[in-house]
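Me: Could you take a close look at one part of this model for me, the place where two helices pack? I would enjoy a connected walk through it, with a word on the main pocket afterwards.

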Amino acid sequence: MGRDIPRDVPALSPERLPDLLRAIRDRTPARIVVGRAGPSYRTATQLALRADHAAAMDAVRAEIDLEAAFDATARGRWGLFEVRSQAATKAEYLMRPDRGRRLSDAAMTEIRERCPRQADLQVAIGDGLSALGVARQVPNMLPLLEQGARARGWSFGQLFVIRYCRVGILNDIGELLDAAVVVLLIGERPGLASAESVSAYMAYRPRPGHNDAQRNLVSNIHARGVPLQRAAERILALADRMRRLENSGVLLKEELPGLEPPGELSRDP
């Protein structure tokens, strides 16, 4: 049943309607109030939809290119190197998610040799389902995370990139390096709103057998989602709470300004 409009609500004048629609559209990339031609989208809307769908498909199929994603200065500064999951090809990665959750034997050997153990904050970069998202967002996010970690007096682990990577690979990284907090910056599954988004999956001392219940997430990191500076602040704040509470996942809730403090099963004083 419909609801009657209260009598004291003023009618929207026709001249204010364009401003209202513009304000609504500015708040979301969703296709709302776009009009129609009979039962169909208008031509411009349909063409934009098809273009966004093509961009999403391209993002999933694209291969990460370390030299293209990170310039020579960034590669030299971070000492970036690339390893692989147990998936041998992009096709295998898409068909066998389980292989994307484990590091290859060669990757484990190289990480052991090149990465110091027991860092306070260990960041890894995974191509995930959007190599484009990694190339667009991660290079500018890394300095923010390193500076925030150093400002807190934390050690910052050796960075590396994982090809054909899925979220569960956090567990192998945690077991190999025994870092206090592991952060995986990974290309996010593209949608029709953005094909260049990344997520930050985080866990306190991840180990084999851990699942999403032991992880926290900052998602939708892109220009029209969570800005890089805000994302870095949230990641560092979560890492700080993980270190203090010695836990992560469902037992630790993110504190965001304007929200009531979450009830949590933890040792937070």
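Reply: Happy to. Helix α8 passes helix α10 in a right-handed crossing. Please keep in mind that this is a predicted model. On the α8 side, the contact is made by Gln 137, Asn 140, Met 141, Leu 144, Leu 145, Gly 148 and Ala 149. Facing them, α10 brings Leu 228, Gln 229, Ala 231, Ala 232, Ile 235 and Leu 236. Sorted by character, the residues of this contact are nine nonpolar and four polar, with no charged one.

As for geometry, α8 covers residues 131-151 and α10 covers residues 228-245. The two pack at an angle of about 45°, and their axes are 9 Å apart. An angle over 35 degrees but under 65 falls in the oblique class, so α8 and α10 are oblique to each other.

Now to the largest pocket, which holds about 320 Å³ of space. It is lined by 19 residues, and the closest to its centre are Leu 129, Arg 166, Val 167, Arg 189 and Tyr 201. Strands β4 (181-187), β5 (198-204) and β6 (215-221) are the elements that each give two or more residues to this lining. The largest share, three residues, comes from β6. Unlike the helix contact, which has no charged residues, the pocket lining includes six charged ones, along with eight nonpolar and five polar.

Methods. Residues numbered from 1 in each chain as written. Predicted model: local features only at pLDDT ≥ 70, side-chain atom pairs only at ≥ 80, totals over all residues. Heavy atoms only, no water. Axes fitted to C-alpha atoms, helices over the stretch in contact; angles between N-to-C directions. Helix = DSSP H or I, 4+ residues; strand = E, 2+ residues; numbered from the N terminus. Parallel < 35°, antiparallel > 145°, perpendicular 65-115°, else oblique. Left-handed = near helix turned anticlockwise from the far one by under 90°. Contact = heavy atoms within 4.5 Å. Nonpolar A, V, L, I, M, F, W, Y, C, P; charged D, E, K, R; others polar. 1 Å grid on protein atoms, 1.4 Å probe; cavity = no way out; pocket = protein on both sides within 12 Å on 5 of 7 lines; lining within 4 Å. Points joined across faces, edges and corners; volume = space filled by probe spheres on them.
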